[in-house]
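Me: I've got this one open and want to talk it through. Let's start with one residue and work outwards.

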Amino acid sequence: MSRILIVEDEDKLRRVLKLYLENEGYIVDEAKDGEEAINLFSPLAHSLVILDVMLPKRDGWSVLRSIRKESDVPVIMLTARGEEDDKLFGFDLGVDDYVVKPASPREIVARTRAILKRVNKSNELEEIVIDKSAREVKVNGNTIDLTLKEFELLLYLYEHKNVALSREQILDAVWGYEYYGDLRTVDTHIKNIREKLGEYRDYIQTVRGFGYKFEVKK
């Protein structure tokens with residue numbers, strides 16, 4: 001099941017949204033200010049972010065810019081302002097949907113469900129299925145045995161289909177900015193993943209002198 005990050009400084013609204021989303025079966029993380037949101041957000045864990053514009057410490061626009069530097073995860077903005085200029089500004093930054101406050105929690109949940117359904121449908125492969133919450137990968141219906149880093153690396157490539165990713169980008173996204181290991185760590189893990197993908201090993205393409213990309217040719 002998908003994991004959602006709610007970033008909202010109004011305690012009551014945040015708790016109610018969390019309850020509604022959990023009742024739908026989602027896993028929910030909470031942040032009450034912009035700095036906490038940036039520290040909590042993980043491009044490998046979160047499938048969607050519900051983000052308020054007006055936040056303490058760092059506002060929603062600042063948080064959104066930070067998220068977009070490392071992920072194209074869907075973002076629903078909560079705002080008390082519904083002016084067209086504000087919405088256009090948000091869409092330029094990469095907002096996927098807007099909800100003007102006060103809003104019904106059921107409306108927010110419905111929009112969340114619709115976006116995730118659309119995203120999941122566009123990402124689906126019949127032969128390779130990745131379950132983020134269970135940290136499980138199935139190839140032709142059979143679960144394959146991956147280490148944690150192998151799973152996170154495959155997920156990162158999978159969620160950036162047809163995008164050439166440098167070894168440095170992969171290392172930062174999967175191992176973190178504070179990791180000082182060799183870039184060959186990426187190559188070693190790619191080799192192991194390819195072996196476990198079997199007949200679909202060629203879905204992970206080498207971009208010579210640069211890095212890798214997950215490419216599906218239909």
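**Working through the fold**

Me: Asp52 first: buried or exposed?

Reply: Asp52 is buried, at a relative accessible area of 3%. Buried here means under 20% relative accessible area, exposed means over 50%, and partly exposed is in between, using a 1.4 Å probe and protein chains only. Keep in mind that this is a predicted model: local features need pLDDT of at least 70 and side-chain atom pairs count only at pLDDT 80 or more, while totals for chains, interfaces and linings use all residues. Residues are numbered from 1 along each chain as its sequence is written, and side-chain values use heavy atoms, with hydrogens and water left out.

Me: What does UniProt say about Asp52?

Reply: The unreviewed UniProt entry annotates Asp52 as "modified residue: 4-aspartylphosphate". UniProt positions are in the numbering used here, feature names are shortened, and annotations may be inferred rather than shown by experiment.

Me: And where does Asp52 sit, and what does it touch?

Reply: Asp52 is in strand E3, residues 48-52. Helices (H or I, at least four residues) and strands (E, at least two) are DSSP runs numbered from the N terminus. Not counting residues up to four places away in sequence, Asp52 touches Val7, Glu8, Asp9, Gly60, Met77, Leu78, Thr79 and Lys101, where contact is heavy atoms within 4.5 Å.

Me: Lys101 caught my eye. What's odd about its bond to Pro102?

Reply: The peptide bond joining Lys101 and Pro102 is cis, with omega about -5 degrees. Pro102 lies in the loop between strand E5 (97-100) and helix H5 (105-123). Most peptide bonds are trans, and most residues other than glycine have a negative phi.

Me: OK, so which residues other than glycine have a positive phi?

Reply: Asn140, with phi near 50 degrees, and Asn162, near 65 degrees, are two to look at. Asn140 is in the loop between E7 and strand E8 (142-144) and is partly exposed at 40% relative accessibility. Asn162 is in the loop between H6 and E9, also partly exposed, at 49%.

Me: Back to E3. What's the strand order in its sheet?

Reply: E2-E1-E3-E4-E5, an open sheet of 5 strands with parallel pairing. Strand E2 (27-31) and E5 are the edges, each pairing on one side only. Neighbouring strands are turned by 20 degrees against each other on average, direction ignored. Two strands pair if DSSP finds at least two bridges between them. For instance, strand E4 (residues 75-79) pairs with E5 over 4 bridges, and Ile76 stands opposite Asp97 in E5.

Me: Which helices pack on that sheet?

Reply: Helix H1 (residues 11-23) does, touching strand E1 (3-7), E2, E3 and E4, and its direction makes about 170 degrees with that of E2. Helix H3 (residues 60-68) does too, touching E3, E4 and E5, at about 155 degrees to E3. Axes are lines fitted to C-alpha atoms, for helices over the stretch in contact, and angles run from 0 to 180 degrees between N-to-C directions.

Me: Switching topic. How many residues are in the largest nonpolar core?

Reply: It has 30 residues, and those with the most contacts inside it are Ile128, Leu154, Leu157, Ile170, Leu197, Ile204 and Phe214. H6 gives the largest share, 7 residues. A nonpolar core is a set of buried Ala, Val, Leu, Ile, Met, Phe, Trp, Tyr and Cys residues joined through side-chain atoms within 4.5 Å.

Me: Ile128 is on that list. How do the side chains of its strand, E6, point?

Reply: They alternate along E6: Ile128 and Ile130 point to one face and are buried, while Val129 and Asp131 point to the other and are not. E6 runs antiparallel to E7, joined by 4 bridges, and Ile128 has Val139 as its bridge partner in E7.

Me: And Ile170's helix, H7: which residues are buried there?

Reply: In H7 (residues 167-175) they are Arg167, Ile170, Leu171, Val174 and Trp175. Down the helix axis these fall within an arc of 100 degrees, so they line one face; the arc is that of the directions from the helix axis to the C-beta atoms. They pack against helix H6 (148-158), strand E9 (165-166), helix H8 (184-197) and strand E11 (211-214). Gly176 follows H7, with a positive phi near 100 degrees.

Me: Last one: Glu150 in H6, buried or exposed?

Reply: Glu150 is buried, at 4%. Beyond four places away in sequence, Glu150 touches Asp145, His189, Asn192, Ile193 and Lys196.
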